[in-house]
Amino acid sequence: MSAVPSFTDTLIAWQKRAGRHDLPWQNTRDPYRIWLSEIMLQQTQVTTVIPYYLRFLERFPTLEALAAAPQEAVIEYWAGLGYYARARNLHRCAVEIVAVHAGKWPKSVDRLASLPGIGRSTAAAIAAFAFGERAAILDGNVKRVLCRFFAIEGFPGQASVERALWARAETLLPECDIEAYTQGLMDLGATLCSRRKPHCNDCPLQQACQAHRTGRAEDLPTAKPRPALPERHGHYVFVSDGHRVLLERRPAHGIWGGLLVPPEGETAAVLARLGISDASESPLGTLRHSFTHFRLTLSATLCHIDAPKAIADPSLCWIALESAAEAGVPTPIRKLLEGIAPAREAQ
DNA sequence: AATGCGTGGTG
DNA sequence: TCACCAAGCAT
């Protein structure tokens, strides 16, 4: 034993003290009941499952009763719970165990995982809870807890990240108390280590949690990558005499509605529209900005003129460079404005 | 490796 | 309102 309680020991102690102990599928070693709960709980929250679980057990109290029932009856008691392949596989699995294994459950994770509807994690949960087998689960809760505790980067659905998580999960297994440990992982993930607003102050692992130490608990695990946003490009022309800049009021609706932005378009076209022919041009660089529905690359040209030109267009106005940033311009425009130093009076 | 599969809760 | 997510698995 190390002087400092390990992840595993801390979690086991916490589960015994503060974990959940009265869920309908706890306090039993009946593999049938444990299996049924694990299947129902796939991608489905506890509060949703409980009434279905209780009703299902009343109708199909044993593995044999389930195997003997027609599939339609099983579907009927699953209706509303979703992911109906689970119900079909559940029935197939019951039939297979009764027919092929004479009603005896295999105890090894590998054998369990070869049954219909039972994957690696569900097999481990059944093995641990029903048979006390030392087996690692890796569901959404465990992924979240491990990603945070070890500050594991990357989307957990990605194969490389998932491999790393399975390796961690296997390494952390306790020598004994596998039930409390396995339940503790799920309890912690479901109660304290929630996806949003985790209750780190109540967490027994807070001190050693890498995500918490770096203030990134809520940022991990890394969210599922979204499909790439459409790319757009806009060129903006900053016309200035060194003191003031010409901005244009955008239409009230649409992107940047009602805000002030420099005239948009090719430099030559903008100058022609404004009737300016004597500007000296210099590039202002580019900037990237993300919206919810597209990504914008902004480029800009500074067009210096000697004196402000009278503009007839009422949507255009001259704004002092010092106050332009506060006059109601969108963030990326404000950033570009910061690249134009107002001309200082000679000392 | 990436998708499809259902429904209910959440901020 | 709506995107995101929840005790995953099969293909």
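These are my notebook entries on how the protein and its two DNA strands, B and C, sit together in this predicted model.

**Entry 1, layout.** I began with chain A, which is split into domain 1 (7-219) and domain 2 (231-337). I looked up the distance between the two domain centres, taken over C-alpha atoms, and found 57 Å.

**Entry 2, DNA strand B.** Which residues lie around this strand? I noted Q43, T44, G80, L81, G82, Y83, Y84, A159 and R196. By class, I have four nonpolar, four polar and one charged residues here. Of the strand B atoms within 4 Å of the protein, 45% are sugar or phosphate, and the rest belong to bases.

Then I went through the contacts. Q43 places a backbone N or O atom 3.3 Å from a base nitrogen of strand B. T44 uses its side chain instead, with an N or O atom 3.3 Å from a base nitrogen. For Y84 I wrote down a backbone N or O atom 2.6 Å from a phosphate oxygen.

**Entry 3, DNA strand C.** I found 25 residues around this strand, with L41, Q43, G117, T122 and N141 coming nearest. Their classes are eight nonpolar, 11 polar and six charged. Helices α8 (120-131), α9 (140-149) and α11 (178-190) each supply at least two residues of this surface.

What share of the strand C atoms within 4 Å of the protein belongs to sugar or phosphate? I got 68%, with the rest in bases. My contact list includes the T122 side chain, with an N or O atom 2.6 Å from a phosphate oxygen, and N141, with a polar side-chain atom 2.8 Å from a phosphate oxygen. The D139 side chain has an N or O atom 3.0 Å from a sugar or linking oxygen of strand C.

Technical notes:
Residues are numbered from 1 along each chain as its sequence is written. Chains are lettered from A and ligands numbered from 1 in the order in which they are written. This is a predicted model: local features need pLDDT of at least 70, side-chain atom pairs count only at pLDDT 80 or more; totals for chains, interfaces and linings use all residues. Side-chain values use heavy atoms; hydrogens and water are left out. A residue is near a molecule or strand if one of its heavy atoms lies within 4 Å of it. A polar contact is a pair of N or O atoms within 3.5 Å; within protein, one must be able to donate a hydrogen and the other to accept it, and residues adjacent in sequence count only if both atoms are side-chain atoms. Ala, Val, Leu, Ile, Met, Phe, Trp, Tyr, Cys and Pro count as nonpolar, Asp, Glu, Lys and Arg as charged, and the others, Gly among them, as polar. Domain bounds come from an automatic or database domain assignment. Helices (H or I, at least four residues) and strands (E, at least two) are DSSP runs, numbered from the N terminus.
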